[in-house]
Amino acid sequence: MPDTDLTHKRLLVVDDNPVNLELLGDLLEDHGYTDLTCLDDARQVLGHCRTRLPDLILLDIRMPHLDGYAVLEQLQDAFGEQAPATIVLTAQVDDATRRRALAAGVRDFLTKPFDHEEAMQRIRNVLRVEQRLAERREQAAELEGLAEARTRELERLSMTDPLTGLPNRRALLQRLEAWREAGHEAGALFIVLDDLPDIMRLHGHDVAERLLQRLADALTPMLPEAAMLGLWGGNDLLVILPAPANPDALEALAGHLLARLGRPQPVDERRLTSRARIGIGRARDSAPQRLVHMAALALPDAQATPPIRCHTPSLEARQRERLELQHDLRGAAGRGELRLAYQPKLWLAERHPLGAEVLLRWRHPRHGDVSPGRFIPLAEATIDILEIGDWVLETAMQRLVAWRTDGRVAEDFSLAVNVAARQLCTPDFAATLLRRLAQHGLPPHSLSIEVTESGLMADLNEARRQLQALAAAGIAIAVDDFGTGHSSLAYLKTLPLSVLKIDRAFVTDLQGDPAARQLACTITRLAHGLGFEVVAEGIETLEQAQRLREMGCGIGQGYLFARPLLEADFLAWYDAQRIDQPA
Ligand code: C2E
Ligand code: MG
Ligand code: MG
């Protein structure tokens, strides 16, 4: 009976006795086996197997030139695990022979002279087992292939941002690391999209993500071949590239990218743009994270033009100091590091004090006194200024209440508090201030505020709303540092202001420069014409005070009269003035 499912198997019969070979060959053919090879020289086995590996070898043990064991060894050496299954043909049945053959990996034995039926059955058995093994091996290989593909896919996914499909932080760092290992100098452009959070709030996250994709698509063709553009964080794109030899090339590239970013992108039916800033870093041996950090540190401020900056060691030192100071300032009020100083304001004609400007002081636990010219802009760059500004207002009011209660200041004495743009543009700023004033039982004329021109321009409409509410309640509002901004009296006219503080720079120039004198004169006249009170700040000499008076400037403050003083000193100074001028 033919063994239909196995008859296509490749069989190799090896026996030095041609009679045996023929006998076995005929028997196998009778059972339907079609792929048969018979060799009577054991030395040809290896070569044959190399060209075509049989599924089963029927191998004589006793042969001249090369015995069966040697053949098994050869096959084991050449094919290892893949060596074909073997059934040994032997007349010897002693245990030692069997053991040796089994140890050599032989599957079964056919003892000569063999019973035909039994021989065929044994051959079938071995072929079936081999077939099953082969199937298993195939399945295992298939599974392995699938697992490998899945691993590759996971690897790819772990390198891409799931929402935008852009290379993610990991991918960027890995590429940088590869460049570093290869000894290449790398460049990094850290791109911040400033308006993305607003776009997210206004149009939704999906729109912002599509905008990011669009922008990435637009920028990619502008980059050199080896560059990679990816997503570093929420609003931050990162371009990395092998650094060009020309040191200006990265800046030039940043300029091109920025110009492209400035063009509106169609997203759905909208056309969206976001302002962008770019920090540039380049490094050969630095860790990838460090290079990215360098580029991020180099990011210019939002107002900078052009908003591109390259990293330098001194810039990094300054930035670090700035960030540290910014960090240390947080919570300074709660830790008792903030104090108020008071600089008297006087009627220039009588030299009589009418009030004081409240000036903030910060004693840093390690650096000592830090000038407000340094730390106020740092606080203004974040929302920290709101907490600080709040503390200043509250403390000033508390002190004023105490002074008034104790009769230390006159009834018409007033404190002027500096207010930052961010404070002024808070929708409940005026309401909160007025409520506080009422809670402290202070009359509106006892407090005034000073705002800078740039503070007014930050959000003119909101500033106007807040100022109108304050002015309506009787709070005087001064424009501080007048003449240093780009503003004009024309637009100031549209705001409910009552005081104009001429910047110290004009006052300083009064002595020498006739043109400056003329300008100060003109400003004062125009300001009076518009109904403003004019205050001069930074008066240091008698001559300056004299000239300002002649110009019609009624009020002044400056080192000539008093420096900003802490509470006890200020009150002592104020008392002394009253004694001097009892009237
Ligand atoms: P500002 O409001 O224009 O304050 C005037 C500055 O000029 C003060 O500096 C004051 O000490 C200084 N000054 C006064 N008289 C003279 C003088 O005769 N000669 C010279 N050379 N300087 C004089 P300060 O205290 O360092 O404050 C600097 C700036 O910091 C202030 O300018 C103000 O813009 C800001 N600032 C201070 N305190 C606060 C605050 O509580 N809140 C806010 N938002 N800003 C504040
Ligand atoms: Mg001021
Ligand atoms: Mg000023």
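Three elements, β14 (352–364), α12 (372–380) and β18 (476–482), each contribute at least two residues to the shell around ligand 1. What you see here is a predicted model. Of these elements, β14 provides the largest share of the shell, with 4 residues.

In total, 21 residues surround ligand 1, and the closest are Gln-343, Glu-357, Asp-480, Glu-540 and Tyr-559. By character, the shell comprises 9 nonpolar, 4 polar and 8 charged residues.

Let me turn to individual contacts. The side chain of Asp-481 places an N or O atom 3.0 Å from an oxygen atom of ligand 1. Arg-504 has a polar side-chain atom 3.2 Å from a nitrogen atom of the ligand. Tyr-559, by contrast, uses its backbone: an N or O atom there lies 2.7 Å from an oxygen atom of ligand 1. The protein covers 84% of the 790 Å² of accessible area that ligand 1 has on its own.

I now come to the metal sites. Which residues donate to the magnesium ion, ligand 2? The protein donors are Glu-357 through OE, Asn-418 through OD1, Glu-450 through OE and Asp-480 through OD, at 2.0 to 2.3 Å from the ion. Along the chain, their spacing reads E-x60-N-x31-E-x29-D. Glu-357 belongs to strand β14 and Asn-418 to strand β16 (residues 414–418), so this pair ties together parts that are 61 residues apart in sequence.

Are these two donors buried or exposed? Glu-357 is buried, because its relative accessibility is 4%, whereas Asn-418, with a relative accessible area of 29%, is partly exposed.

Finally, Asp-480 bridges two magnesium ions, ligand 2 and ligand 3, which lie 4.0 Å apart. Asp-480 is also among the closest residues to ligand 1.

Terms used:
Residues are numbered from 1 along each chain as its sequence is written. Chains are lettered from A and ligands numbered from 1 in the order in which they are written. This is a predicted model: local features need pLDDT of at least 70, side-chain atom pairs count only at pLDDT 80 or more; totals for chains, interfaces and linings use all residues. Side-chain values use heavy atoms; hydrogens and water are left out. A residue is near a molecule or strand if one of its heavy atoms lies within 4 Å of it. A polar contact is a pair of N or O atoms within 3.5 Å; within protein, one must be able to donate a hydrogen and the other to accept it, and residues adjacent in sequence count only if both atoms are side-chain atoms. Accessible areas come from the Shrake-Rupley method with a 1.4 Å probe; for residues, only the protein chains shown count as cover. Ala, Val, Leu, Ile, Met, Phe, Trp, Tyr, Cys and Pro count as nonpolar, Asp, Glu, Lys and Arg as charged, and the others, Gly among them, as polar. Donors are N, O and S atoms within 2.8 Å of the metal (3.2 Å for Na, K and Ca); water is not among the atoms, so sites may look incomplete. Buried means under 20% relative accessible area, exposed over 50%, partly exposed in between (1.4 Å probe, protein chains only).
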